[in-house]
Amino acid sequence: MKLLVTGGCGFIGSAFVRLALSRGAEVVNLDKLTYAGNPANVADVADDEGYRFVHADIADAEAVAAAVPGVDAIVNFAAESHVDRSILDPTEFINTDVVGTAVLLEAARTAGVGRFVQVSTDEVYGSIPHGAFRETDPISPSSPYSASKAGGDLQVLAWHRTFGLDAVITRGSNTFGPRQYPEKLIPLFVTNALDGIQLPVYGDGMQIRDWIYVDDHCEGIWTALTEGAAGEVYNVGGGNEEPNLAITRRILDLTGRDGSLVRHVADRLGHDRRYALDTT
Ligand code: NAD
């Protein structure tokens with residue numbers, strides 16, 4: 001199986017590249033190398049026979065069309081992925097998460113690619129005070145980031161319904177593990193705590209997230225790729241709900257620091273209170 005993996009130099013994409021190669025797939029990794037993309041994340045597999053890197057933007061139709069021939073499936077990880085950045089400037093989020101996804105879909109349709117996997121997020125459902133979102137629930141995103149991801153999801157479903165493209169969507173929960181850019185909660189707080197720098201906790205810190213380990217998330221994406229039914233959405237959750245403050249305390253314990261490093265800062269605009277996925 002030959003895969004076009006986009007965003008394979010990022011956090012989850014690089015773990016997926018490693019998983020796919022270990023399962024015998026050939027991988028073409030197409031990545032724009034934004035601030036979040038780091039070739040070092042795939043340095044250990046860069047010389048593998050089955051691996052090739054293409055430095056390109058998923059919104060560049062010509063570059064994408066050139067990378068697609070001969071590919072059995074596209075797995076789209078490429079995204080602007082940080083909520084805080086989307087609040088400061090949503091433009092790149094629309095270009096990559098919405099326009100870029102449409103460019104990939106069109107290239108897949110034109111070239112007759114057999115399967116398209118859209119890697120999405122639990123954030124598209126919005127906040128839920130009790131219970132958990134099912135794949136059939138309507139999406140109700142809150143931030144420019146989750147709205148741009150939702151825009152991508154809707155296009156994937158449209159390309160399936162209108163053109164019969166074989167496409168599936170995965171919606172994963174907050175992911176942790178090695179190689180995550182240190183702007184996200186866990187790597188930021190771990191590195192700050194190690195350096196003795198304050199940990200900026202949004203509001204009361206009681207926002208609840210479900211956490212999944214990066215390789216488990218990739219396993220879910222692999223299962224959707226190889227066993228998913230066309231047109232379906234699959235939630236990929238870890239069943240580990242924690243308030244941000246509990247994660248913060250655990251990081252302080254593990255790094256041998258005390259609560260004096262915690263600094264409560266003004267809450268993020270539009271901050272969702274709780275995400276939860278039904279993974280049955
Ligand atoms: P990341 O920010 O670590 O990596 C994104 C990668 O995409 C980088 O390598 C970057 O260079 C590349 N990229 C960005 N714009 C591009 C473009 N226009 N063309 C080509 N490449 C481009 O992201 P991540 O945390 O690994 O997330 C990967 C995917 O998983 C995203 O689609 C995200 O929405 C989704 N997701 C992430 C999480 C999480 O907790 N990190 C949870 C659920 C879903």
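Q: What makes the pairing of Phe11 with the ligand a polar contact?
A: In this predicted model, a backbone N or O atom of Phe11 lies 3.1 Å from an oxygen atom of the ligand. The cut-off is 3.5 Å between N or O atoms, so the pair counts as a polar contact.

Q: Which backbone atoms of Leu33 and Phe77 lie by an oxygen atom of the ligand, and what makes these pairs polar contacts?
A: For Leu33, a backbone N or O atom lies 3.4 Å from an oxygen atom of the ligand. For Phe77, a backbone N or O atom lies 3.1 Å from a ligand oxygen atom. Both values are within 3.5 Å, so both pairs qualify.

Q: How do you know whether the ligand is buried or exposed?
A: Taken alone, the ligand exposes 840 Å², and the protein buries 97% of that.

Q: Which residues come nearest to the ligand?
A: There are 30 residues around the ligand, and Ile12, Asp31, Ser81, Tyr145 and Lys149 come nearest. Residues belong to this group because one of their heavy atoms lies within 4 Å of the ligand.

Q: Which helices and strands supply at least two residues of the shell, and which gives the most?
A: Helices α1 (11–22) and α5 (144–163) do, and so do strands β5 (115–121) and β7 (174–176). Strand β5 gives the most, with 3 residues.

Q: What classes of residue make up the shell around the ligand?
A: The shell has 14 polar, 12 nonpolar and 4 charged residues.

Q: What describes the packing of α1 and α7?
A: Two packed helices are described by the angle and the distance between their axes. Here the axes of α1 and α7 (residues 214–227) come within 9 Å and cross at roughly 60°. The crossing is right-handed.

Q: Which residues make the contact of α1 with α7?
A: From α1 come Phe11, Ile12, Ala15, Phe16, Leu19 and Ala20. The α7 side includes Val214, His217, Trp222 and Leu225. By class, the contact has 11 nonpolar, 1 polar and 2 charged residues.

Q: How do the axes of α6 and α8 cross?
A: The axes of α6 (residues 185–195) and α8 (residues 244–254) come within 10 Å and cross at roughly 35°, and the crossing is right-handed. Among the contact residues are Phe189 of α6 and Ile247 of α8. This contact has 7 nonpolar, 2 polar and no charged residues.

Key
Residues numbered from 1 in each chain as written. Predicted model: local features only at pLDDT ≥ 70, side-chain atom pairs only at ≥ 80, totals over all residues. Heavy atoms only, no water. Polar contact = N/O pair within 3.5 Å; in protein donor to acceptor, adjacent residues only side chain to side chain. Areas by Shrake-Rupley, 256 points an atom, 1.4 Å probe, with all protein chains shown as cover. Helix = DSSP H or I, 4+ residues; strand = E, 2+ residues; numbered from the N terminus. Nonpolar A, V, L, I, M, F, W, Y, C, P; charged D, E, K, R; others polar. Axes fitted to C-alpha atoms, helices over the stretch in contact; angles between N-to-C directions. Left-handed = near helix turned anticlockwise from the far one by under 90°. Contact = heavy atoms within 4.5 Å.
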